[in-house]
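Let's take a relaxed walk through this protein, going from its overall build to a few single residues. Have a look at the picture before reading on.

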Amino acid sequence: MNIFFVAIYFTCFAVIAGAAFAMMWSNIRSINIEMDKPKPKPRHPEAPQPGEEVMYVDVSRQNTESFKETKDKLEDLFNA
């Protein structure tokens, strides 16, 4: 009778050890799969959303004097 309980004990031990190994294996595998996925690039918090209009000043056609005047006006508005 004593050998019967020892056999049951080691059988249960083997089942529990196998289940623990299987659970650890599947967790490690799922972590590896998750790590292989490409990460999305974070957007800058002040970046405009797609389709949103952005205010800008086009200074490509201005000469240096009118650019300086416009720059001074904008700086006065910004610093006021």
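How many helices and how many strands does the protein have? There are two helices and zero strands. Keep in mind that what you're looking at is a predicted model.

**Overall build**

Now for the overall dimensions. If the 80 residues were packed into a compact globule, you'd expect a radius of gyration near 12 Å, but this protein comes out at 34 Å. The spans of the C-alpha trace along the principal axes give another view: about 105 × 25 × 20 Å.

So what about burial? Of the 80 residues, 0% count as buried; the cut-off for that label is under 20% relative accessible area. The protein exposes about 8,400 Å², and carbon and sulfur atoms supply 65% of that area.

Charges come next. The protein carries 9 positive and 11 negative side chains. If you take the centre of each set, the two centres lie 11 Å apart.

**The start of the chain**

Met1 sits in the segment before H1. Is Met1 buried or exposed? It counts as exposed because its relative accessibility is 75%, and the cut-off for exposed is over 50%. Met1 also has company: together with Phe4, Phe5 and Ile8 it forms a nonpolar patch on the surface. The accessible area of these four residues together is about 480 Å².

**The loop between the helices**

Helix H1 covers residues 2–36 and helix H2 covers 64–79, with Pro50 in the loop between them. Pro50 has 72% relative accessibility, so it counts as exposed. Now pick out Met23 as well: Pro50 and Met23 are 27 residues apart in sequence, and their C-alpha atoms are 43 Å apart in space.

**Salt bridges**

How many salt bridges are there? The count comes to two, and here they are:

| Salt bridge | Closest N to O distance |
|---|---|
| Glu34 and Lys37 | 3.6 Å |
| Lys68 and Asp72 | 3.4 Å |

Both distances fit the rule that the side-chain nitrogen must be within 4 Å of a carboxyl oxygen. In the bridge with Glu34, Lys37 counts as partly exposed because its relative accessibility is 45%.

Where do Lys68 and Asp72 lie? Both are in helix H2, four residues apart, which is about one turn of the helix. Asp72 has a relative accessible area of 32%, so it is partly exposed.

Terms used: Residues are numbered from 1 along each chain as its sequence is written. This is a predicted model: local features need pLDDT of at least 70, side-chain atom pairs count only at pLDDT 80 or more; totals for chains, interfaces and linings use all residues. Side-chain values use heavy atoms; hydrogens and water are left out. The radius of gyration is taken over C-alpha atoms; the globule rule is 2.2 Å times the number of residues to the power 0.38. Buried means under 20% relative accessible area, exposed over 50%, partly exposed in between (1.4 Å probe, protein chains only). Accessible areas come from the Shrake-Rupley method with a 1.4 Å probe; for residues, only the protein chains shown count as cover. Lys and Arg count as positive and Asp and Glu as negative; His and the chain ends are not counted. The place of a charge is taken as NZ of Lys, CZ of Arg, CG of Asp or CD of Glu. Patches are made of residues with over 30% relative accessible area and no salt bridge: like charges are joined within 9 Å, nonpolar side chains (Val, Leu, Ile, Met, Phe, Trp, Tyr) within 5 Å.
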